[in-house]
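Work through the exercises below with the model open beside the text. Each task is followed by a solution that goes step by step.

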Amino acid sequence: MNATPRHIGTIVRHAAGLALALLWLGAAQAASSYTLGVSDKLAIRVVQWKAADSSFQEWTALGGEYVVGADGSVNFPMVGPTESVGKTTAELAGALGESLKQALGLSTAPTVTVEVAAYGPIYVSGDVGTPGEYPFAPNLTVVKALALAGGERRSVEAVSRPEREMLTTSGALTVLEEEYRRLLVRRARLDAELARAAEITVPPELEGAEDLDALLAAEMQILEAQRRQAEAQSKSLADQVSLLNSQIAAFAQKEAGSETQLASAREQLEKITSLSDDGLALASRVTSLQTNVSDLEARLLDTQTATLQAQQDIAAAEREQARLTDQRISDLSLERQTVDGQIAALRIKIGTQQALVQEAALSTGAVIPAQEGPSYSYSIIRDGEEIAADLHTPLVAGDVVVARLELAQ
């Protein structure tokens, strides 16, 4: 039978419809590797083959754009909520077709095509240039997301004046570190003084330091000067005690001589007094002996008083020696506490300044030792769980990329 123009037009329409259906199916198959996520916007079309007139009929009432909701499903007419998250477009299309077949009592399932019209967003936060929400695209990785967010954080002021920024921060750090080393050696010198040691023990933090010899030499001069001063004070007090002891010894000899003379004078006085009572001796003789005895007793008392005074002076010198020792220990302990506080404060300042140096290096691109340089770490928050990531970790829609600047300790 010859084909009429009407038949030819019908065939062309059928071929066009078939081509359109095949195009939709091809697009769905091309996107089959991507699994849907929340907030994805889908373009869904439904086509049914009508065998009666050998044509495709598109169900425009059902077709249109749909969004994957927060519950992970698409609310499709005649079917209701259909689980979508984690499915490919082809899997969702097949599920919708089967659901329509059952809901409408069809003998064959209609052809459903699902395309991703717009992907759900991703979010980039942390130490990046412009944190915020960005559109997702297939094959998106962490490094591409960072590029969307303006890259890792930079300081505009530092970039505009890199030399000044690095000189300022590095110079301040050098001054703090030098003062820190001085305080460490000073504390070591105070420890040596408290322990009455002749040498300063090098702090472990300063082993191999270039300026260690100069720092030790300066503190050793202070240590030796303090020791000489303490020795001079101690020697002066010791000499004073030695002199007083010599005086006490001399007073003891003088006291012994006075006691011997006093005993002899009393014995004579007793004899002369007895003779005077019998009228055999003159009264003036008795008076003279009494005066002599009184002088000897006074002299003996003066000697004993001088001995007591010398003993008191010795006790005072010993107390002064103990006081000086205790005062020196107290002063050293207080100074050490002060130095400890200064060291602790400097540690904090140095840590802060090191962070500023690393920040300046990061911002200006200056090279600093690797162990002191800053670095970035990355993680992805997906479905409420934080996952460690690197620059090449693939992303899915809805991911939150977190970039963290980690400064060396």
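**Exercise 1. Locate Asp383, describe its exposure and backbone angle, and treat Ser39 likewise.**

Asp383 sits in the loop that runs between strand 9 (375-382) and strand 10 (385-389), where helices (H or I, at least four residues) and strands (E, at least two) are DSSP runs numbered from the N terminus. The model is a predicted one, in which local features need pLDDT of at least 70 and side-chain atom pairs count only at pLDDT 80 or more, while totals for chains, interfaces and linings use all residues. Residues are numbered from 1 along each chain as its sequence is written, and side-chain values use heavy atoms, with hydrogens and water left out.

Next, take the exposure: Asp383 has a relative accessible area of 81% and is therefore exposed, given that buried means under 20% relative accessible area, exposed over 50% and partly exposed in between (1.4 Å probe, protein chains only). For the backbone, Asp383 has a positive phi of about 55 degrees although it is not a glycine. Most residues other than glycine have a negative phi.

Ser39 also has a positive phi, near 80 degrees, and belongs to the loop between helix 1 (5-30) and strand 1 (41-50). With 38% relative accessibility, Ser39 counts as partly exposed.

**Exercise 2. Characterise the aromatic pairs.**

Begin with the count, which is two aromatic pairs; rings of Phe, Tyr and Trp (its six-membered ring) pair if their centres lie within 6.5 Å, and planes under 30 degrees apart count as stacked, over 60 as edge-to-face and the rest as tilted.

Tyr66 and Phe76 make a tilted pair, at 5.1 Å centre to centre and with 50 degrees between the planes. Since Tyr66 belongs to strand 3 (residues 64-67) and Phe76 to strand 4 (residues 73-76), the pair ties together parts that are 10 residues apart in sequence. Tyr66 is buried at 13% relative accessibility, and Phe76 is buried at 1%.

Tyr119 and Phe136 are edge-to-face, with centres 5.5 Å apart and 75 degrees between the planes. Here Tyr119 lies in the loop between strand 6 (111-118) and strand 7 (121-126), and Phe136 in the loop between strand 8 (132-135) and helix 3 (142-148), so this pair links parts that are 17 residues apart in sequence. Tyr119 is partly exposed at 24%, whereas Phe136 is buried at 6%.

**Exercise 3. Describe the surroundings of Thr307.**

Thr307 is part of helix 7 and is buried, its relative accessible area being 11%. The side chain of Thr307 reaches the backbone oxygen of Thr303 at 2.9 Å. Leaving aside residues up to four places away in sequence, Thr307 touches Ile248 and Phe251, contact meaning heavy atoms within 4.5 Å.

**Exercise 4. Summarise the chain as a whole.**

The protein chain has seven helices and 11 strands. Of its 409 residues, 32% count as buried. Among contacts between residues at least 6 apart in sequence, 63% join residues at least 24 apart.

Notes. A polar contact is a pair of N or O atoms within 3.5 Å; within protein, one must be able to donate a hydrogen and the other to accept it, and residues adjacent in sequence count only if both atoms are side-chain atoms.
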